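Good morning, everyone, and thank you for coming. Please take a moment to look at the model on the screen, and then we will go through it together.

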Amino acid sequence: MGKYLDKAHELRSIMEPHYNCAQSVLIPFAEKYGLDVETAYRIGANFGSGMKMGSVCGAITGGLMVLGLAGLDRQSDTVGFVRRIRENHEGKILCADLLRANAERGGNKKEHCDGLVYEAVAILEEMLELE
């Protein structure tokens, strides 16, 4: 497990303040790419819970923010990142759809969302060749 994934685990274990999925993906990488933690927290605030409306999963939007910070803005990078998550979740990338499928399987919401955060961070560590 890399240090970014360790940081994501740490953030997801904190109950107050709450770190949503987007923040939990973005913040571990923020300082490496010149963004202070407080600013990253504020930037990610409206992207949790699928932009607070069940849209694209916050772990995905947070991951796309990290790719942008790292200077990876080619379509192949962004599409590749999203595709990897989509392939692991029956083609789903919308928060509402992911949560519904998890609930139908009897899954726990927090564990499900934590898992998506950890998956996104691990993919980013790999794509950015970080440990």
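How do the residues of the lining of the largest pocket divide into nonpolar, polar and charged? Before I answer, please keep in mind that what you see is a predicted model. The lining of the largest pocket has 12 nonpolar, 7 polar and 4 charged residues.

Let me say a little more about this pocket. As a general idea, rolling a probe the size of a water molecule over the atoms shows where empty space is left. Here the largest pocket holds about 300 Å³ of space. It is lined by 23 residues, and those closest to its centre are Arg12, His18, Cys21, Ser49 and Cys113. Two or more lining residues come from each of these elements: α1, which covers 3-13, α4, which covers 48-54, α7, which covers 95-104, and α8, which covers 109-127. Among the contributors, α8 gives the most to the lining, with 5 residues.

Next, the backbone, where two places deserve a careful look. In general, most residues other than glycine have a negative phi, and most peptide bonds are trans. Ser49, which we met as one of the residues closest to the centre of the largest pocket, has a positive phi of about 55° although it is not a glycine, and Ser49 is found in helix α4. The other place is the peptide bond from Glu16 to Pro17, which is cis, with omega near 0°. Pro17 itself lies in the loop between α1 and α2.

Now we turn to how the helices pack. Two packed helices are described by the angle between their axes and the distance between the axes. I will follow α5, residues 58-69, through three contacts.

What is the angle at which α2 and α5 pack? The angle is about 25°, with the axes 6 Å apart, and angles under 35 degrees count as roughly parallel, so α2 and α5 are roughly parallel to each other. Their crossing is right-handed. On the α2 side the contact is made by Cys21, Ala22, Val25, Leu26 and Phe29, while α5 brings several residues, including Gly58, Ala59, Gly63 and Val66. By class, this contact of α2 with α5 has 9 nonpolar, 4 polar and no charged residues.

For α5 and α8, the axes come within 9 Å and cross at roughly 20°, and therefore these two helices are also roughly parallel to each other. The crossing of α5 and α8 is right-handed. Here Ala59, Gly63, Val66 and Leu67 in α5 meet Leu116, Val117, Ala120, Leu124 and Met127 in α8, and the contact divides by class into 8 nonpolar, 1 polar and no charged residues.

Finally, α5 packs against helix α6, residues 75-88, at an angle of about 150°, with the axes 10 Å apart. That makes α5 roughly antiparallel to α6, and α5 passes α6 in a right-handed crossing. In this contact, Ala59, Ile60, Gly63, Leu64 and Leu67 in α5 meet Asp77, Thr78, Phe81, Val82 and Ile85 in α6. By class, the residues of the contact of α5 with α6 divide into 7 nonpolar, 2 polar and 1 charged.

If you return to the model afterwards, you might begin at Ala59, which takes part in the contact of α5 with α2, with α8 and with α6. Thank you for listening.

Technical notes. Residues numbered from 1 in each chain as written. Predicted model: local features only at pLDDT ≥ 70, side-chain atom pairs only at ≥ 80, totals over all residues. Heavy atoms only, no water. 1 Å grid on protein atoms, 1.4 Å probe; cavity = no way out; pocket = protein on both sides within 12 Å on 5 of 7 lines; lining within 4 Å. Points joined across faces, edges and corners; volume = space filled by probe spheres on them. Helix = DSSP H or I, 4+ residues; strand = E, 2+ residues; numbered from the N terminus. Nonpolar A, V, L, I, M, F, W, Y, C, P; charged D, E, K, R; others polar. Axes fitted to C-alpha atoms, helices over the stretch in contact; angles between N-to-C directions. Parallel < 35°, antiparallel > 145°, perpendicular 65-115°, else oblique. Left-handed = near helix turned anticlockwise from the far one by under 90°. Contact = heavy atoms within 4.5 Å.
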